[in-house]
Structure formats: structure tokens, C-alpha cells
Amino acid sequence: MTTVQPPGVELSARGVELVLPGGAVALSGIDVPTVGPGRVLGVAGGSGAGKTLLLEVLAGLRVPRSGRVSVRAAATTGDAEQGAGEEPEQGQGQALRYGFVPQDDIVHRALPLRTALEYAARLRGTDPGDVPLVLAELGLAEAAGQPVRTLSGGQRKRASIAIELLSRPRLLFLDEPTSGLDPLAGAQLTQYLVRLAASGVTVVFTTHTPADLHHCDQVLFIAPNGRPGPSGTPDELLRLSPDGTFEALYSVEAPVPDGGSPPREEPRAPAARPRFSPATGRLRQWAVLTGRDLRLLRHDRLTAAITIGSPLIIIAMFALLFRPGVFDPDHPAPAASAMVLFWIAFGAFFFGLAYGLPQICGELPVVRRERRTVLRLWPYLLAKLTVLGPVLLLADALLLVVLRALDRLPSADLSVHASLFATTALASFAALALGLCCSALVSEPSQAALVLPLLCFPQVLFSGAFVPVPNMAAGGRWISVAMTNRWAFEALGSGADLETLWRGGGPEGRALLDSYGDSFGSPAWVGWVILAGCAVALLVVAWLVLRRRCPTSAHRLSTSDGGPVRP
């Protein structure tokens, strides 16, 4: 790594009050002592006291209702302050290089450790050649080739810190880094944080382990219900403690100064959140994220087997379910032909949905962390489409080729089969977009598994195949408009020219024509436009959900003359 370091950072806060969306006051009147380069601040308190919330306020991830957070270059008099509901204005500073290590792992578990860090470095625009040095600093050199999932809890914590160190942050936040570690591993980790601070980094971490506080330069306690607790150096606090231990201070509130509570700053209207200036552009991020997703698919063999194997199993079941010759104009089977096209439409929908649902929720902690510094959401979503799209197209093409070879589809010109393929491809992409949207809404893969049947049943019931749309109740007809499977089924029926086939199908065919009405009267391209519109709309919704769930940080640095601090 380069030895040239950007200016150090001082952090402090005064009178922080945070109100949660439900109206509950989570933090009230919290003052944070000034902590600068080479110093470690420990934030302690009982469970639910608000340690993590305060850390997110200090990191710019939450805007307090009142109070002020000050982040300044240590060697200057200028600062960038975040008041109640306000953030630094655009163009008045450069994005601060800071690191935030949450409690969750922020490393893809399926990748080897070195590979995961190299992709993180490329995404941040830093040199992947720094990875071996960071691994050596954290004592992870021998584990560099191991998949992250095989590392111990302490090693995974250090791996998450390694991700942040790649961008050489000057301000590092850690949320309970020693949680779940044995006493020895916890002590080694806090000792490393002290050594890291000695290199000029400002370190702030939360903890519920009293032993961690002995390694801090400053300690801040948060009393129950988010009230201010005592603060000071470890020696000062131990002298204040009734029994000489930190444990006795967990429920102690700081005394209120003479004259009552400090004056509360009036809340101000929130300003627009400034965007981070990513270290890499959109095209570069798309390329890096696409490469990482391909490596993830390759290293997670179970996921790869399911991704490739599930279409093959479904295609085999379709071949066994339908008898040949149902599209023979001399001996048509009108009802069977409708079912063949419906299940093709549903198969395309299922492929896309099943691929999309696990994609985001399984790596949400990683997305949140990367979003706070460099990640752009559109390259992230487009990388998913780039990796999964060809697999979906191959599955759809294979489905149609096998069914045609087994005489389960009409013998027709290439243009007809091209129309069927276009419909299934657009149906799969619309379902993939739906899966990504729902994956962004849930928090873990188990929840995504519960969502799968809830999304499939309406697509079956309101597609218009089993109960034609003209025969549905008014409410059902309105619901069917939102079902991509309906438009795929109708586009397939139009492309296969079901109306002409059914006219020659005797009384059964004429009865179906009457019950389905004009369902197949529109050209196939009408269904294509609707399916493409659904895919785009769902991707926009996924982008909006991720934008809300994975915010950027508000912190920027300024010099005393108003110019940017150059990291």
C-alpha cells in the first residue's frame, strides 16, 4: 500500500436526538466526546439502549431530529457538520473515506477469501494488489484460499474489516465487532483496532463486552431508553463506578447540568441527500459485479446445480405430461393445446422467478455496505440480468426445442417458433424482475422461499387458462391485468394461431372460442410490449426498494477555506 495518507478525521456530536419512524424516541440528548486520529472511542450500553442507532447517526446513515454531528479534518478548522435534518450541500466537499463494519458478515461466503477481497477492491477502484498486504496485516494470509464460509467467527470478523481497509479509510465504525467471539479472539481483535488507530485512523465501535473498554481512549455509555450515560477515559469511569467495574455503569444516567436539560435545536426540513462519488463508473461497476456474480455461481455448486438442473427436470415433466399431436390440424385437441401453451407460459415464469428470488436477500448485508460508499444500484441489478439472462434464454429455448421434437408444439414456419420463443423469453425476464423486486423486499432466503408459492398461485388462477378472462368475476378480471402469465399465455395462443386451430376442432373447439372470446385476437407483439413494460416497471421498483433499504452516507469533508480535502 502507498504510505501517503489523507488527512486524519475528528468526530464529535452534541445533543443528538433520534426519533424512529413509529414516533418512539430512540436517542435523547446524546453528546459524543471529540475523538481524533490515533484514538479509539468505545460506545457501551445494554441491549436495546441504542448503540447501533447512534453509530448509524455518526456514520451519516440516519439523520437526527435534533443535535449536530461534526466530522472535520483534524489538521484544519473547517468542518462538515450534519445538523437536525440537514446534510452538507452538493459540491461543498468530497466524499469521506470511511469504513462501516456491521454485525452481519459483509463478505460473500461462497467465494475464497482472497477472491472476495479482490472483487471488493476492483469495485472500490483500488489496487487488488493491496489484498495480500491487508490479509497479512489481519493475520489472514494462511486462510486466503479458503471459502469464507469455512472461516471461524473471528476470521470472518477480520475479513469484514479487511474489506473496509482496502479503501484506506480515515474513519472506521464497527458495530459490536467482538460479538460472538471467545474472550481471546475478542481481545486480539480490539488490540488490532488499537494498532490500526495508531496508524492515524479514527476508530469508533460499539460493544456490550466490558473487557473491550479497557482498550479504548474514550468510553461513552448509553443509559437505558437512549438516555445519556457517563463518558470519559476508562480510568475516569472506573473511579466513578460504585464497585470499580464497568458493569456498574450500564444503567447509570449522566447528571443533568444546572439549569435543566440542554436547549433543543428546532428541527429543520430535510435537505436532499447528497450522492457519493463512486470510485468507479457505472460501466466499470457493471463489469466487476458481473464477474463476481459469475464466480459466485461457479463456486456455489449447489446453486449452480439447481440453476441448471431445475429447467431440465421441468422440461422432462412437460414431455411426459402432454401427449403428441395436440396441434395436428387434422386431429386437433383444443383443450389440450390450450393447456400446453399455458404450462409453457408458466414454466417460463417459474424459471425467472426461481432464479430471481434468492439473488438479493442472500447478500443484502454486502449490498448495504457497498452502497454506503461506492455501489450504484443500476449496475448491480443489470449485472444480475447479465448473468441470469443467458441461462433463462437457454432454458426457454431448450423447452421449446424438446417439446417440438416430441410433437408437443405445432409444425409451423420458423417465424411461429421465433414468436413463441420471444414470448417465453420476455415472460422469463418479467418474472426475473419480479423475483429481484421481491428479493429486495425480504431480508433472508427463508422468507423468499415462503414468497414463492404466494406469487405462483395467482399467476395460475388468474392467467385466463382455467377460467377464461371473459368468464371471471369483475374483481378477477382486474387482478388478471397484473398477471404477466395472462399476457404470456395470450401471446403464445396468438403466435400459435389457436383460433384457426380451434375452428377446425369441432364442437369442443367452437365452445372454447366462445368462452375465451377475443383473448387471442390481438397480435403477439401486444403481449410482448406488456411483458417488457412489466419487466422494466418491476426493475424500477426493485431499484427504489434497494435505494430505500440501502442508503448512502451523508458525510463529506471540507478544508478551512471551503475547498475539498483530497483523500
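Start by selecting residues 218-223, strand β10, together with β11 (227-232): in this predicted model the two strands pair in the antiparallel sense over four bridges, where strands are DSSP runs of E of at least two residues, helices are runs of H or I of at least four residues, both numbered from the N terminus, and two strands pair if DSSP finds at least two bridges between them. Residues are numbered from 1 along each chain as its sequence is written, and side-chain values use heavy atoms, with hydrogens and water left out. Because the model is predicted, local features need pLDDT of at least 70 and side-chain atom pairs count only at pLDDT 80 or more, while totals for chains, interfaces and linings use all residues.

**The β10 and β11 hairpin**

Show the side chains of Leu 220 and Ser 231, since Ser 231 in β11 is the bridge partner of Leu 220, and then those of Ile 222 and Pro 228, where Pro 228 in β11 is the bridge partner of Ile 222. Between the two strands lie three residues, and in this hairpin Asn 225 takes a positive phi near 65 degrees.

Now colour β10 by accessibility, taking buried as under 20% relative accessible area, exposed as over 50%, and partly exposed as in between (1.4 Å probe, protein chains only). Six of the six residues of β10 are buried, so the strand is largely enclosed by the rest of the structure. In a regular strand the side chains alternate between the two faces of the sheet. On one side of β10 are Gln 218, Leu 220 and Ile 222, on the other Val 219, Phe 221 and Ala 223, and all of these are buried, which leaves both faces covered.

**The sheet around β10**

Add residues 40-45, strand β3, which pairs with β10 in the parallel sense over five bridges; here Leu 220 in β10 is the bridge partner of Val 43. Widening the selection further brings in an open sheet of six strands, in the order β7-β8-β9-β3-β10-β11 and with mixed pairing. At the edges stand β7 (98-101) and β11 (227-232), each with a single partner strand, so one side of each is left without a neighbour in the sheet. Neighbouring strands of this sheet are turned by 15 degrees against each other on average, direction ignored, with axes being lines fitted to C-alpha atoms (for helices over the stretch in contact) and angles between N-to-C directions running from 0 to 180 degrees.

Next select residues 153-165, helix α4, which packs on the sheet and touches β7 and β8 (171-175), its direction making about 160 degrees with that of β7; contact here means heavy atoms within 4.5 Å.

**Salt bridges**

The whole structure holds 14 salt bridges, each a side-chain nitrogen of Lys or Arg within 4 Å of a carboxyl oxygen of Asp or Glu. Staying with α4, display Glu 164 and Arg 124, which form a salt bridge with the closest N and O atoms 3.9 Å apart. Arg 124 lies in helix α2 (residues 113-124) and Glu 164 in helix α4, so the pair ties together parts that are 40 residues apart in sequence. Arg 124 counts as buried at 5% relative accessibility, and Glu 164 counts as buried at 0%.

Move then to Arg 14 and Asp 31, whose closest N and O atoms are 3.8 Å apart in a salt bridge. Arg 14 belongs to strand β1 (residues 9-19) and Asp 31 to strand β2 (residues 25-35), so this pair links parts that are 17 residues apart in sequence. Arg 14 is exposed at 56% relative accessibility, whereas Asp 31 is partly exposed at 36%.

For another setting, select helix α16 (residues 498-503), in which Glu 499 and Arg 503 are four residues apart and thus separated by about one helical turn; their side chains meet in a salt bridge (3.8 Å, N to O). Glu 499 is buried at 17%, while Arg 503 is exposed at 52%. Leaving aside residues up to four places away in sequence, Glu 499 touches Leu 513, Gly 517, Phe 520 and Gly 521. Returning to Arg 124 and Glu 164, add Arg 369: salt bridges that share partners join these three residues into one network.

**Helix α11**

Finish with residues 377-405, helix α11, whose 29 residues should span 42 Å at 1.5 Å a residue, and whose end C-alpha atoms are 42 Å apart, in agreement; the expected span is 1.5 Å times one less than the number of residues. At Leu 388 the helix bends by about 35 degrees, and Pro 390 follows within four residues, the bend being the angle between axes fitted to the seven residues ending there and the seven starting there. After α11 comes Asp 407, with a positive phi near 65 degrees.
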